[in-house]
Structure formats: structure tokens, C-alpha cells
Amino acid sequence: MNDEYSKRIEVQDLTETPPIEEPARQYFFMAKARQYVQQEQKRLGRPLTAAGITFGCQMNAKDSEKLIGILEQIGFEMIEDESADLVFYNTCTVRDNANQRVYGRLGLIHSMKKKNPHKKVALCGCMMQEPSVIEKIQKSYRFVDLIFGTHNIYKFAELLVTMYSSDSMIIDIWKDTDKIVEDLPAKRKYPFKSGVNIMYGCNNFCSYCIVPYVRGRERSRNPKDIIKEIEQLVSEGVVEVMLLGQNVNSYGKNLDEPMTFAELLKEVEKIEGLERIRFMTSHPKDLSDDLIAVMKHSKKICRHLHLPLQSGSTRILEVMNRRYTKEQYLALAHKIRAEIPDISLTTDIIVGFPGETAQDVDETIAVVKDVAYDNAFTFIYSKRTGTPAAAMPNPTSDEEIKKNFDRLLKVVQETAKSRVGRLTGEVHSALVEELNEQDASLVSGRLSNNTIVHFPGDASLIGKIVNVKLLEAHGFYYIGEISEKSS
Ligand code: 5AD
Ligand code: SF4
């Protein structure tokens, strides 16, 4: 696959004017950037290096794979270290602490850049879609060379060429787009599993959330392109895909020939050689009976559903604009558990939303106990400029919020622990992902229900799906051993 991209770059005639249409235009600029990198390498007598630092969610991780794919085709040697000749930061802005981490890193990179003026620094991702952030960077971080947003990452090669031929900061931010550019290189982090975008953006406008403002309106990819990409991945050795979208349950609504997410899953299931299908994220309001039926009868869809609750108080859910009540959420969770008893349910919860009281948090805790989540990500509410919630008064003190948060966390941990332990003694299939970080005689694998199991094994098992007997539960993971028997 990489060779194919490389060939497309090699045949470019740089004496011509750049093509207008995409992705042809980007192959022209990849060739141009490649020429620059080769000249620089000659001049310096060493390879040109690049590093990518990624914050945030799976979408950002996937975007970074695309950016790294382009950098590698251009001829950069990717390294892990920010001392590289070119460093990009793919940023997140869902909560303020993500922003603060980026500013912290920029402080560090500034001193590195002072020692090496040829070093280039690029910023991209969700944070860059906020005008106030751009203003701050223009004012206080003047050494940044390139800024682009979430809608034009496919233009990275072209932007790099512009950056290398200019001395001033290049800023290219689009407010929104309906454009989806296919057929560009990507460098996968894992050879055996991969994220696959099925849609971009979000139309839900939950009142606390900045995502619809920074990722734009919902756009679904054509199913044929999705299937083609997965078939290609499988031919390269991928056995597990994670279908990615902010709200996968509303997939396909804006296609010329509308298609539901359940229908897409049925098509993906047919791909021979693909063993496991995951997806992220589901909005409870759009989760259909058809989807539950498809999951129930599927041999490949993993037994895991991430179903963000956000709050267990109907009053708060309404102000959050979540468009379901506590009762509707509970009915859905019970239906899923009844139809697919071996499924694991995980969730996201926000504590400290404007006006939330201790009684509201009691209701959330009651839902956590009732659903008995296998895991839950709990966040303290972070005010995001421009969202409706940012204008809502919040009389609850930080101290109270922290208290509520700790109460919730305790229950979340207790339920998760008792849920994880329930498979002890059983044999389940696990996809081996890596050598164990602490003990190299162990490998770490992931069960269909997303729980991690560590067991004796070596690197030859990585990427394989094996049967593992789950011997002991330790908090959120198991210790196991390879088993001949299947479950
Ligand atoms: N403050 C705290 N958490 C938030 N999330 C989204 N926006 C905010 C915010 N302003 C959480 C939600 C979402 C997850 C990805 O991040 O729980 O599901
Ligand atoms: Fe944000 Fe709500 Fe869209 Fe999720 S569904 S990305 S929480 S607006």
C-alpha cells in the first residue's frame, strides 16, 4: 500500500502547475515536499526527523496516523522525541486541562527552538478551531510556524510546502467543510488493528460540549469507501477495526442513498478475514433496536458498548440537551443487557455541570448501581467558551463538586470491580496487543468485552487471537493462561 502511494508521488511533474482537484493536488505537494526534504538531508548530511504528539480521543489518534503517513511519504524519519526537526501537536479542547497541557509543551519547545532555529513547530486539531486560541498563539507563541484545524488535515503536504517557503506563521483554519478527501497515506500504529472513520462531526449540540463547534456538522463517509478501506486493511493483516464517529448511531442520514449504522455493520461483518468489529461512540437517543439485533446475532461485533450517560438526573440531562430521560436511558440499558447478556457497558459521566446538586449526583450514582457499568470515565465539568452551558450560572462550589465527584468515583470503581471479576475461571478469546510493560514474560490481550488480560507468552503472539483461561481478576484486568479449549 505504501509503495502505491510512493509511486503516485514519484510520477509527479513538478514543472507543471499544481492540480486543482483532490487528492491529486496533495500528491503534487508531497512530491514537492519530498524534494525539499532530500535537499535538506544532503545539506545536513543526516536524515530529517519529525515527531507527532497527540492529545485527546481516538479521532485525533486516527488523524495523527494520517499526518504521520504524509510525513513518512515525504521522507521524514519519525522519532518519538520532541528534539525532532519538525514537531506537530495534534490538540484536544474538550476540557480545559487538555489546552493547558499544550501550552505547557509549547513553553518547553520554545527553549528547544531557540537552540535550533531551523526547527519547525506545527499545531493542529480541535483547539486550533477556537479563535481565542489562535489569538493567544499569535500574541504569546510567535515562534509557532504552522497552524491548521480539523477540516484541512488532508492538506498537510501543501501546508508544509507553504511553511518551508515562508518566514512567517502560516495559519489555515476552516470554519466547516462538507469535503471528505479519500485515498491519502496513513501510518498505522498497530499492524493488527485499526481505527476507521465512518463519519465526521456532530450535530447534537449537547450544551456543555465544544465538539460540534470544532469538528463541524455531521458528514458520513460513503459505505463503499469504508468497505474498501477495511478490505485493504484486512489484506495488510488487520483483524480488528474500530469504526469511529462522534455519534455512530446517526451514521448515513446525510448520504445520497441513506443507510443506517446497523446496515453498515452488516456489510462490514461480511468482510472475510476480519475477526472483530468495535465502534465508538453511541448516543443513547439514537441507538436502534435494529442495532441491538445486529449486535446480538453478529459473530464479529465485540461484546462492548460505550453508552455515555453524562448524568443520571433527568433535570440535568434536559439542560445538557441530551434528549433522553433517566428512565429512557435505564430502559435502553436493561434492554441491551437482556438481549446481549455477555455485553459489557461503559460510560462517560460529567460531575459539576452548572446547577447540579448533591441530589442530582445521588441520582447518577443510583443509575451507575442499577446499570452496573463495567467501567466509567468520570469528568469534572469544564466550561468551554461559546457553548450554551458556559453562560449558565453555577452556584455549586469547587469543593462540593470534588466531594460529589469522589462519591461517584467510589461507586464506579466498586461496580466495575465486581463486573470484571464475573468471568473468572472461564475461557475467552483475546487479541494479543503487546508485551506486558512491567513483565516481559507476559503478553497483554484484549477480550471481546474490552477487558485486558495478562498471560505468559512472547512477542510471536502479538496480533493473534488466542483462547485464554481467566484465572484471577485484579481490579480492572485478569491474569490468565493460554488454553486449548474455546469458551
Ligand atoms: N466538561 C467535562 N467533560 C466533558 N465532556 C465533553 N465536554 C465536556 C466538558 N465541557 C466529556 C463527555 C464526553 C467525553 C468525551 O468528554 O463526558 O462524553
Ligand atoms: Fe459532544 Fe454531545 Fe456531540 Fe458527544 S454527542 S460530541 S458530547 S455534542
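Contact here means that heavy atoms lie within 4.5 Å. With that in hand, welcome to a predicted model, in which local features need pLDDT of at least 70, side-chain atom pairs count only at pLDDT 80 or more, and totals for chains, interfaces and linings use all residues. Residues are numbered from 1 along each chain as its sequence is written, chains are lettered from A and ligands numbered from 1 in the order in which they are written, and side-chain values use heavy atoms, with hydrogens and water left out. L243 makes a good starting point: leaving aside neighbours within four places in sequence, L243 is in contact with V196, I198, I230, V248, F261, L265, V268, I277, R278, F279 and M280.

**Nonpolar cores**

- A nonpolar core is a set of buried Ala, Val, Leu, Ile, Met, Phe, Trp, Tyr and Cys residues joined through side-chain atoms within 4.5 Å; buried means under 20% relative accessible area, exposed over 50%, and partly exposed in between (1.4 Å probe, protein chains only).
- The largest nonpolar core has 68 residues, and I230, L243, F261 and F279 are the members that touch the most others.
- A second, separate core holds 35 residues, including F76, A122, I153 and L184.
- In soluble globular proteins, nonpolar side chains tend to be buried together.

**Overall build**

- The protein chain contains 14 helices and 19 strands; these are DSSP runs numbered from the N terminus, with helices being H or I of at least four residues and strands E of at least two.
- The radius of gyration of the protein chain is 24 Å, which agrees with the value near 23 Å for a compact globule of 487 residues; the radius is taken over C-alpha atoms, and the globule rule is 2.2 Å times the number of residues to the power 0.38.
- The C-alpha trace spans about 65 × 60 × 50 Å along its principal axes.
- Among the 487 residues of the protein chain, 55% count as buried.
- Of the contacts with a separation of 6 or more, 73% are between residues 24 or more positions apart.

**Surface and charge**

- About 22,200 Å² of the protein chain is exposed, and carbon and sulfur atoms supply 51% of that area; accessible areas come from the Shrake-Rupley method with a 1.4 Å probe, and for residues only the protein chains shown count as cover.
- The chain has 64 positive and 68 negative charges, and their mean positions are 3 Å apart.
- In this count Lys and Arg are positive and Asp and Glu negative, while His and the chain ends are not counted; each charge is placed at NZ of Lys, CZ of Arg, CG of Asp or CD of Glu.

**Strand residues M199 and V427**

- M199 sits in strand 8 (residues 199-200) and counts as buried because its relative accessibility is 0%.
- Beyond four places in sequence, the contacts of M199 include M59, E218, R219, L244 and Y251.
- M199 and L244 are 45 residues apart along the chain, and their C-alpha atoms are separated by 6.9 Å.
- V427 belongs to strand 15 (residues 427-435) and is buried at 8% relative accessibility.
- V427 and Q12 are 415 residues apart in sequence and 54 Å apart in space, C-alpha to C-alpha.

**The loop between strand 12 and helix 11**

- S313 is in this loop, which lies between strand 12 (304-306) and helix 11 (314-319), and S313 is buried at 1% relative accessibility.
- Not counting residues up to four places away in sequence, S313 touches D360, E363 and T364.
- Q310 is placed in the loop between strand 12 and helix 11 as well, and its relative accessible area of 7% makes it buried.

**Backbone exceptions**

- Most residues other than glycine have a negative phi, and most peptide bonds are trans.
- Q310 has a positive phi, near 70°, and is not a glycine.
- A372 is another non-glycine residue with positive phi, about 55°, and is found in the loop between helix 13 (358-371) and strand 14 (375-380).
- E22 and P23 are joined by a cis peptide bond with omega about 5°; P23 lies in the loop between helix 1 (2-10) and helix 2 (24-44).
- M280 and T281 are also joined by a cis peptide bond, with omega about 0°, and T281 lies in the loop between strand 11 (276-280) and helix 10 (289-297).

**T415 and its partners**

- T415 is part of helix 14 (residues 398-420) and is buried, with a relative accessible area of 12%.
- Leaving aside neighbours within four places in sequence, T415 is in contact with V368, K369, A372 and Y373.
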